[in-house]
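Grab a pencil and work through these exercises with the model on your screen. Try each task yourself before you read its solution.

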Amino acid sequence: MTLKLGQVTALEEVYFVLPQDARRLLLGGERVSLNLDLRKTNRTWEIERRGEKFIFPDGTAVELEIIKRIAEDADSLYFVSSGGVYKAAIAGESGFYKLVPTIPPTIEINGIRMHRTKEVNPLQDTRNKVNTVNPKEGETVLDTCMGLGYTAIEASKRGAYVITIEKDPNVIELARINPWSRGLFTGGKIQVIQGDAFEVVKKFKDESFDVVIHDPPRFSLAGHLYSEEFYRELFRVLRPGGRLFHYVGNPGKKYRKKDLQKGVMERLRRVGFVGVRRVEEALGVVAKKPEKG
Ligand SMILES: C[S@@+](CC[C@H](N)C(=O)[O-])C[C@H]1O[C@@H](n2cnc3c(N)ncnc32)[C@H](O)[C@@H]1O
């Protein structure tokens, strides 16, 4: 029941079953109405029970035993698609990736969650980040690290055109099946580039963006995305007066946190950013490129 890369492509034919919904199916009668898109919409779909099988909207018949397994696995997400049931997970060369049933979902890579899920949910986490730079109608945003695309989608909802970069094909694959990431792939205001932000950014012309959202993995996993060299590139591609948000996080021990933030802020100032300050609720740092003249 492990999702294979590229196995599911048609977004409409994916029906997610949360553990609590599986429990409802087990308790319910002959027909149960459930939301099957992870609460992205208010829509419901009807599932029919025929003896030991549950019939999903596309005709897929799912065994009672599988529904019981989903009901008992509170830490994973499962979906029904084209005749099969899959765990939304990938055993890749670089580790184990899975969608976690928070609403909206986050990704866990080798046990590390991509979004905050404790004090805030991933959606509030995203809004806190995007609010710091307040993208506006008609602006152009560079979102350096796409992940599930929540920051990119939030910026585009505010009227901005967004270019977002993701290095890891397994993350892109999980984003493709996540209803909350759909805005990335429906065309229009977001362009997804698969590649290493460190290299891709070098290709953009000077002063191409009004806003940069930089939400990298933790420092221990991607130190080059916290380097002065990379920050110089972010500065170069911003227009004068352009805004940067840089998620830094809260990496464990106090003394380490202090050093990391301090170092980030010092390096941002060294490459020319002004107004460099910490934004507590977003666990990050904002900065500006000075106006011309
Ligand atoms: C913290 S997550 C970003 C979350 C994202 N802002 C969202 O709203 O879902 C960081 C992402 O950066 C990706 N990544 C890591 N190194 C990268 C690189 N060099 N270039 C682009 N993306 C990278 C990771 O695979 C991961 O998906």
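A residue is buried if 20 or more other C-beta atoms lie within 10 Å of its own, exposed if 12 or fewer, and partly exposed in between. Keep in mind that this is a predicted model.

**Exercise 1. Odd backbone angles**

Task: Find where Ser82 sits, look at its phi, and decide whether Ser82 is buried, exposed or partly exposed.

Solution:
- Step 1: Start with the place. Ser82 belongs to the loop between strand 6 (78-81) and strand 7 (84-87).
- Step 2: Now the angle. Ser82 is not a glycine, yet its phi is positive, at about 40°. As background, most residues other than glycine have a negative phi.
- Step 3: Count the neighbours. Ser82 has 14 C-beta neighbours inside 10 Å, so Ser82 counts as partly exposed.

Task: Do the same for Glu207: what is its phi, and where does Glu207 lie?

Solution:
- Step 1: Phi of Glu207 is near 55°, again a positive value in a residue other than glycine.
- Step 2: Glu207 lies in the loop between helix 6 (197-200) and strand 15 (209-214).
- Step 3: Within 10 Å there are 14 other C-beta atoms, so Glu207 is partly exposed.

**Exercise 2. Following strand 9**

Task: Work out how strand 9 pairs with strand 8 and with strand 10.

Solution:
- Step 1: Strand 8 (residues 89-92) and strand 9 run antiparallel and are joined by four bridges. Gly92 faces Gly95 of strand 9 across this pairing.
- Step 2: Look at the link. Two residues lie between strand 8 and strand 9, and the two strands form a hairpin.
- Step 3: Move on to the next partner. Strand 9 also pairs with strand 10 in the antiparallel sense, over four bridges, and here Tyr97 stands opposite Ile109 in strand 10.
- Step 4: This second link is a hairpin too, with five residues joining strand 9 to strand 10.
- Step 5: Check the loop between strand 9 (95-100) and strand 10 (106-109), where you'll find Pro104. The peptide bond joining Ile103 and Pro104 is cis, with omega about -10°. For context, most peptide bonds are trans.

**Exercise 3. Strands 2, 3 and 4**

Task: Trace the partners of strand 3.

Solution:
- Step 1: Strand 2 (residues 31-34) pairs with strand 3 (residues 45-50) in the antiparallel sense over four bridges. Leu34 stands opposite Trp45 of strand 3.
- Step 2: On to strand 4 (residues 53-55), which runs antiparallel to strand 3 and is joined to it by three bridges. Glu48 has Ile55 of strand 4 as its bridge partner.
- Step 3: Strand 3 and strand 4 make a hairpin with two residues between them, and Gly51 in the turn has a positive phi of about 65°.

**Exercise 4. Around the ligand**

Task: Which residues come nearest to the ligand, and which elements give two or more residues to the shell?

Solution:
- Step 1: There are 22 residues around the ligand, and Cys145, Gly147, Tyr150, Ala197 and Asp215 come nearest.
- Step 2: Helix 4 (150-157), strand 13 (161-166) and helix 6 are the elements that give two or more residues to the shell.
- Step 3: Sort the shell by class and you get 13 nonpolar, four polar and five charged residues.

**Exercise 5. Two domains**

Task: How many residues of domain 1 are in contact with domain 2?

Solution:
- Step 1: The domain assignment gives domain 1 (2-92) and domain 2 (122-288), with C-alpha centres 34 Å apart.
- Step 2: Eleven residues of domain 1 are in contact with seven residues of domain 2.
- Step 3: On the side of domain 1 that touches domain 2, the residues divide into eight nonpolar, one polar and two charged.

Note on methods: Residues numbered from 1 in each chain as written. Predicted model: local features only at pLDDT ≥ 70, side-chain atom pairs only at ≥ 80, totals over all residues. Pairing = 2+ DSSP bridges. Near = placed C-beta within 6 Å. Nonpolar A, V, L, I, M, F, W, Y, C, P; charged D, E, K, R; others polar. Domains from an automatic or database assignment. Contact = placed C-beta atoms within 7 Å.
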